[in-house]
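The following account leads the reader through a protein model, beginning with a single residue and its surroundings and ending with the surface. Please keep the sequence and the coordinates at hand while reading.

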Amino acid sequence: MLPVIKYLTRNFLLSYVIGLAAIGAIAVALNLLWPDGILDSYLSGYPTFTMIMALIMPMTISGALLDVALSMGSRRRDYFAGIQAVILVSSVISVAFIYAVYLVVQSDLLARYDYSYYFSPELAPHTAVLIFAAHLIGAGAGALSQRRKWLSMLIFGASTMILTTISIVQIAARAGLWGDLVWILSLVVIILAAVLEVVLWRHVSRATVR
């Protein structure tokens, strides 16, 4: 399985980390260059952007990367296990990047901005679970797109809306509004991730070299 993890790390994880870093750097830079401007909202949405990236990026894992890996002699069960390992690592990295942006903003550099209103340390476990689920949904949607593209796009669009709504409701919950809705929507995301995990396994186990 180790060669598979190396392959996925090189072809997926590196580009994912570069994307996260770029979004975080742009968020901080915009707030440095345009203090107290409308672009403050870009920074507040960083956790949401991270979740959306976690949804989009894994779609390649169950598509083009799978075909190439199988043609190079990878075993299907090793590839599936490698997906789980790389997704777990990328989820941890995602939360680490969110924390890094949080710490930069709370430093003297950008102390004027109360980023804790949008993301605080106590939200980290919840955010980590959602990011992991988003990765699984993305990989499962990518597998589904091989046969039912319309359904894959429907799931992708609905998941994007749900994850964005969760981020908005998290803010409202801090004001005592719609607190239970966060957990209801999160449960929907987790159940969807579990279903698509089965879809992903069936896709990988039955994949053929084309």
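**Helix packing and the largest pocket**

Apart from neighbours within four places in sequence, S186 is in contact with H126, L130 and I166. The residue belongs to helix α8, and it is buried, its relative accessible area being 4%. The value falls in the buried class because that class takes in residues under 20% relative accessible area. The model in which these contacts are found is a predicted one.

The wider setting can now be described. The protein chain has 8 helices and 0 strands, so that the pattern along the sequence reads α-α-α-α-α-α-α-α. Of its 210 residues, 47% count as buried. Among contacts between residues at least 6 apart in sequence, 78% join residues at least 24 apart. Several individual residues illustrate such pairings.

Helix α5, which spans residues 76-106, contains S94. Is S94 buried or exposed? With a relative accessible area of 0%, S94 is buried. Its side chain is joined to that of Y16 by a polar contact of 2.6 Å. In addition, a polar atom of the S94 side chain lies 2.7 Å from the backbone oxygen of S90. When neighbours within four places in sequence are left aside, the residues in contact with S94 are Y16, L20, T50, I131 and H135. Y16 thus appears both as the partner in the side-chain polar contact and in the list of contacts.

Helix α1, residues 2-33, can be followed alongside S94 and S90. A21 is found in α1, and its C-alpha atom is 9.6 Å from that of S94, although the two residues are 73 apart in sequence. A21 counts as partly exposed, at 32% relative accessibility. V17 also has its place in α1. The C-alpha atoms of V17 and S90 are separated by 7.8 Å, and these residues are 73 apart along the chain. Beyond residues up to four places away in sequence, V17 touches I93 and F97. V17 has a relative accessibility of 24% and counts as partly exposed. The classification of V17 follows because the partly exposed class lies between the limits of 20% and 50%.

I83 offers another view of helix α5, in which it is placed. This residue is buried, with a relative accessible area of 0%. Which residues does I83 touch, not counting residues up to four places away in sequence? They are L8, I61, L200 and V204. The C-alpha atom of I83 is also 9.6 Å from that of T9, a residue 74 places away along the chain.

Helix α4 shows how burial can be distributed around a helix. Its buried residues are L65, L66, A69 and L70. These residues lie on the same side of α4, because they cover an arc of only 125° around the axis. The helix is followed by G73, whose phi is positive, near 100°.

The description closes with the open space in the model. Rolling a probe the size of a water molecule over the atoms reveals where empty space is left. The largest pocket has a volume of about 340 Å³. The elements that give two or more residues to its lining are α4 (64-71), α6 (124-144) and α8 (179-206). Which element gives the most to this lining? It is α8, with 4 residues. The lining is made up of 14 residues, and those that lie nearest the centre of the pocket are A143, Q146, R147, R202 and H203. By class, the lining has 6 charged, 5 nonpolar and 3 polar residues. Helix α8 therefore enters this account twice, as the element that holds the buried S186 and as the element that gives the most to the lining of the largest pocket.

Notes:
Residues numbered from 1 in each chain as written. Predicted model: local features only at pLDDT ≥ 70, side-chain atom pairs only at ≥ 80, totals over all residues. Heavy atoms only, no water. 1 Å grid on protein atoms, 1.4 Å probe; cavity = no way out; pocket = protein on both sides within 12 Å on 5 of 7 lines; lining within 4 Å. Points joined across faces, edges and corners; volume = space filled by probe spheres on them. Nonpolar A, V, L, I, M, F, W, Y, C, P; charged D, E, K, R; others polar. Buried < 20%, exposed > 50% of the residue type's maximum accessible area, 1.4 Å probe, protein only. Polar contact = N/O pair within 3.5 Å; in protein donor to acceptor, adjacent residues only side chain to side chain. Contact = heavy atoms within 4.5 Å. Arc of directions from axis to C-beta.
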